[in-house]
Amino acid sequence: MKAPLEETQNRVQMDTEEHRDCIRLMPVSLANKIAAGEVVQRPASAVKELVENALDAGATRVDVVLQDAGSSLIQITDNGSGMSPNDAQMAVQRHATSKIRSVEDLDSISTLGFRGEALASIASVSHFELRTGMDTGNPASLLTFEDGALKEVRPAPPMKGTVISVRNLYYNVPARRNFLKRPQTELKHILDAIQVLAMSHPGVAFTLQHDGNVLLSLDAETGEDMATNQAARLSALLPIGDAEGLIEVDESTSYLSVKGFLGHPDDARRTRGLQFLFVNGRWVRHRYLEHAVHAAYEYLLPEGSYPFFALFMDIDPRHVDVNVHPTKAEVKFDDERGVYGMLRAVVGRALGMALGNPDFSQAKPMTGMRLDLGALSLSEEHPGRVGSNVPSMGDQGPLGALFAGQHPSSAARSGAPRVADISRSLYQGMPTSTSPRTETLQAGSAAAYAAASASGLGEDVLLWQLHDTYILTQILSGLVIIDQQMAHERILYEQALDCLNDGFGLSQQLLFPRTIDFSASEFALLEALMPDLAKLGFDIESFGGSSVIVRGVPADISTGDERSVLDEIVDQYRMFERVEGLQGRENLARSMASRGAVRAGISLTPREMRSLIDQLFQCESPYVSPDGRPTMIRMSGNELRERFDRT
Ligand code: ADP
Ligand code: MG
């Protein structure tokens, strides 16, 4: 009697459960449409994906035909490998790719595509047709798709290569279709997308037709010398004058190679439109590395002008992550600062060679008055750290080889020239101030000051603080204005990174250890960060539940605020994570810097200002704050003269 009752109860329970359950797998076509939102944001993204596929298939000629800026028709014809009939059907399925098979392959991607999403996404939001064949001896296949589903397969006349036609893009996603900008704008995006692919593939012929007009027609550059081919392609494609006028860059180490071309500083423009970086054949936007190139040019250019450059970096794919963004326009390097240093050095040398000074790094001022911060930036690619046993970057890892024998980085540790000396040399010959004013200011801390100045700026250097925010100082060639907060952030950031890499931040013990309660998610984060926090000098332990006990904090935290510092770091970390997607050590170092830096509005003593400047010039990248803003601006004597009409 019991059994039937149980059965009924079970059934009742199952019925209600079924009623309550509401999670379903999406139909494939819906999932593809959603993915299309990311992969195919506009016609240009479809063009980019399809041309990339053609290039991945080894095409030497790619023809693009458009109607209505791509919204009526995008047709891409290539002479690449083509696909077998079975592959042609597979290719349009989501996550179908011939380019990777296992997660290990992600570490050695040499193709432009690998996510296996493009064809599926594009086909789900267009009338899609694929004609493809592998040789001229066998029939090709013609496949048509509607709403992402295969509608028809037919044999077609033999051919080698692939023709893909995308009609009526977004016909079934009206919201997206309505979002399209004016045709000229969409066309401009398409041109930009093709442009960078044509730049990185000089051996491939490209044509582009729009509504019957030929907008682009590029022959394949197939000469013996790769650099000549590259220069010819760049000058055929971009408004940069003759190939002969370009400055070549070509340097390699086992870690990284940089090849490409730079424009002459005199031809610099008012906008950044002609600046291109490529990593492993892929065009990327990378503000920080773009800055590295600028830093090398700095003094050769008037304010607000931007030289042409197209630089192709090749790096072992294990050191770079291209998978951070669905459209793959962003990359992350494992040693971002190292790459920055190398790029700046390489560009500096190339400019030096080309502009007739074989030792540009030690360049004499270009004009009589110019010995300035720029020369400094070039002469000291990788300053050693003064007063610490942290290795300078030149000694670190594989980049070291590049700089060996060329830069004073390794010498720096053995007591040879230091940046502080260089920064001092900036001021050499400056009128000294022995005025009573300065002496009074320093009287209180004479001993400490003497010790500090022994390794840095002379005490005769005049400094002013403006609005408790900027530090003004004269250098031989003019005037420098330093943003105290940006500068201090740079210093703290590099110090934190050094501690994190070497793991010996000093700790000061709290007299009264403090327990702090965190939310569960904050606590999880803290636990993950615990080893790195210890390296920075935090002495913390979990204290049951989601609380921790803080026994010690980094030694350079000023007294009075040691107790709150951990909460603040956690808050800041989460902010950077949310807003900038920063992770791990990079985030921690940024958080330390942002939290600890002296703000605008704080008045500094001359000694503090001096020490700030000294420390700034001991940084590897003194000219930029950790988030890429300038730490200082410079006005040359020339510029001052011009502005006062003193010429
Ligand atoms: P992915 O490029 O990420 O692999 P796609 O969806 O863009 O993904 O393409 C899927 C697969 O279809 C590719 O891996 C490739 O094998 C094949 N394919 C796509 N386009 C072409 C083409 N023009 N020529 C030859 N094969 C192609
Ligand atoms: Mg692809």
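The exercises below, with worked solutions, concern salt bridges, one helix and one sheet in a predicted model.

**Exercise 1.** Find the side chain that meets Glu52 in a salt bridge, and place the pair in the secondary structure.

*Solution.*
1. The partner of Glu52 is Lys48, with a distance of 3.3 Å from N to O.
2. Both residues belong to helix H3, which covers residues 43-56.
3. They are four residues apart there, so about one helical turn separates them.
4. The relative accessibility of Glu52 is 3%. Buried means under 20%, so Glu52 counts as buried.

**Exercise 2.** Classify each residue of the salt bridges Lys151–Glu146 and Arg318–Asp316 as buried, partly exposed or exposed.

*Solution.*
1. The limits needed are under 20% for buried and over 50% for exposed, with partly exposed in between.
2. In the bridge between Lys151 and Glu146, the N to O distance is 3.3 Å. Lys151, at 56%, is exposed, and Glu146, at 36%, is partly exposed.
3. In the bridge between Arg318 and Asp316, the N to O distance is 2.5 Å. Arg318 has a relative accessible area of 59% and is exposed; Asp316 has 25% and is partly exposed.

**Exercise 3.** State how many salt bridges the whole structure holds, and name the residues linked in a network.

*Solution.*
1. Searching the whole structure gives 20 salt bridges.
2. A network of salt bridges links Arg337, Arg490, Glu494 and Glu620.

**Exercise 4.** Describe the surroundings of Ser45.

*Solution.*
1. Ser45 is part of helix H3.
2. Its relative accessibility is 10%, so Ser45 counts as buried.
3. With neighbours within four places in sequence set aside, Ser45 is in contact with Val39 and Val40.

**Exercise 5.** Work out the strand order of the open sheet, its edges and the helices that lie across its strands.

*Solution.*
1. The sheet has eight strands in the order S5-S4-S3-S6-S2-S1-S7-S8, with mixed pairing.
2. Strand S5 (149-156) and strand S8 (213-218) are the edge strands, because each pairs on one side only.
3. On average, neighbouring strands are turned by 10 degrees against each other, direction ignored.
4. At the S8 edge, S7 (residues 205-210) and S8 pair in the antiparallel sense over five bridges. Phe206 stands opposite Leu218 in S8.
5. Helix H3 lies across S1, S2, S6 and S7, at about 10 degrees to S2.
6. Helix H7 (residues 183-200) lies across S1, S7 and S8, at about 175 degrees to S7.

Terms used: Residues numbered from 1 in each chain as written. Chains lettered and ligands numbered in written order. Predicted model: local features only at pLDDT ≥ 70, side-chain atom pairs only at ≥ 80, totals over all residues. Heavy atoms only, no water. Salt bridge = Lys/Arg side-chain N within 4 Å of Asp/Glu carboxyl O. Helix = DSSP H or I, 4+ residues; strand = E, 2+ residues; numbered from the N terminus. Buried < 20%, exposed > 50% of the residue type's maximum accessible area, 1.4 Å probe, protein only. Contact = heavy atoms within 4.5 Å. Pairing = 2+ DSSP bridges. Axes fitted to C-alpha atoms, helices over the stretch in contact; angles between N-to-C directions.
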